[in-house]
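Colleague: Before we discuss the charged contacts, please show me the structure.

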Amino acid sequence: EDLIGKNVKILQPEDVAIQHDGFLKRYLQDGIKRVVDTARHVTAKRLNGETFPCEITVRENYNNDLSKRNYLGFVRDLTDELHQEQQHEKGEIITNMSLTPIIVMSETGVLQKFSEAAQKAFQFSSQEVIGKNIKMLMPPEIAAQHDFFLKRYLDTRVKTVIGLKRKVQGKTRDGRVFPLEIQVSEIDVQGLATQYTGLLRDVSAEAQAFQERTMGAAITEMSSIPILVISMQGQVYKYGQAAEDMFGFSPQEVIGENIKMLMVDSIAINHDGYLKRYAKTQVKHVVDTSTRTQGKRKDGSPVSITISVKELKRDDVSSFIAFIDDLTAEEQRFDSQRKIDTTINACPLPIIIIEVDGTITQFSTAATQMFGYRPEETVNQNIKILTPPEIERQHDGFLRRYQATGVKTVIDTLRRV
């Protein structure tokens, strides 16, 4: 009763409504279908005056003797769909803006994402690595074993790398091998194909500093990451500015005290025992490894960290140097990227992302359900595999023409194909 008998302009924002009668008159005069038999993205208006994006498809109907016509409009609210698209775009922007190199690969080791920071670190462009095996970024002795490591994990599900920070070696485009610290996380969406996301950090500078310098104050104070030096009994006697910034304690509060004050209670209670056991057995559970754990700030709040411990010996007296990395920002970035990927795969509408040459880079869960292909069967393939032969033969030409002219004959439209 609010609408029947009223002009359809009541559902349109003012700038559209003012022109609508003219659109109808022009169509009745020239018969050119600019809206009829098409699908268009427009803005509509609700009863409360709020506007929203929608897709409208218009069909024309006649009575039997063609003396009277009317128009049937099918309307679809695009609010949620556009929000998801915006979130995905935002996630891609965040990934590429991150100073931390981020890579995503399939369960078979095929690279699917390669952030701008990763491109800078390895000196490869994303176009050169997407679709290739991650082994191209490793020195030969590691690359030769990587497929075996992946298969062993898929067979056993025993996590020796996932969830931990590990020191590894990478290889740049020009063959230079450099030390990396990598944290790998696994994403398994709705039981479909597994993806692995790696957050990388080039530790060349730290490795060089460690090789060239001793545990002196210069390293401790100049390092951009927290460095502590402790005795075999756990007493702190080097504590730099970066450590002060992370934990909130001043050097005067920490030096001479047991390192347990920087640990959460559940870890601190056992730490003296760990040191005594190592002094007795020399079995390295923590030394010469990177371990993910939790520290404790001065205000009592926990902080997720990775700690890498090296043993220093002088005149048969051992001490330990610890390099500490705050994982808070990396965890937030990874969680954001995971939520974005999960959103894409949770969307009920099929989402396919392609490069300018037609190569598929992302293939959502809904797309798998529609086409029957799994992501690993389509990613890095040309989208022509999803089209019948008569369209496939022309598709590369369509893409080249758009790149050359910029004229949008498909983009920003809805088409039946």
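Modeller: At 17% relative accessibility, R201 falls under the 20% limit and is therefore called buried. Please bear in mind that the model is predicted.

Colleague: Why is E181 called buried?

Modeller: Its relative accessible area is 3%; that is under 20%, so E181 meets the criterion.

Colleague: What makes the contact of E181 with R201 a salt bridge?

Modeller: The closest N and O atoms are 2.7 Å apart. The cut-off is 4 Å, so the pair qualifies. E181 lies in strand β7 and R201 in strand β8, so the bridge ties together parts 20 residues apart in sequence.

Colleague: Why is K298 called partly exposed?

Modeller: K298 has 45% relative accessibility, and its partner E253 has a relative accessible area of 32%. Values between 20% and 50% count as partly exposed, so the term applies to both residues. The side chains of E253 and K298 meet in a salt bridge, with 3.0 Å from N to O.

Colleague: How do you know that K310 forms a salt bridge with D288?

Modeller: The closest N and O atoms of the two residues are 3.7 Å apart. That is within 4 Å, so the pair is counted. K310 is in strand β12, whereas D288 is in the loop between α10 and β11, so parts 22 residues apart in sequence are tied together.

Colleague: Which residues are joined into one network by salt bridges that share partners?

Modeller: The network consists of K165, K167, E181, R201 and D325. By the 4 Å rule, the model has 26 salt bridges.

Key: Residues are numbered from 1 along each chain as its sequence is written. This is a predicted model: local features need pLDDT of at least 70, side-chain atom pairs count only at pLDDT 80 or more; totals for chains, interfaces and linings use all residues. Side-chain values use heavy atoms; hydrogens and water are left out. Helices (H or I, at least four residues) and strands (E, at least two) are DSSP runs, numbered from the N terminus. Buried means under 20% relative accessible area, exposed over 50%, partly exposed in between (1.4 Å probe, protein chains only).
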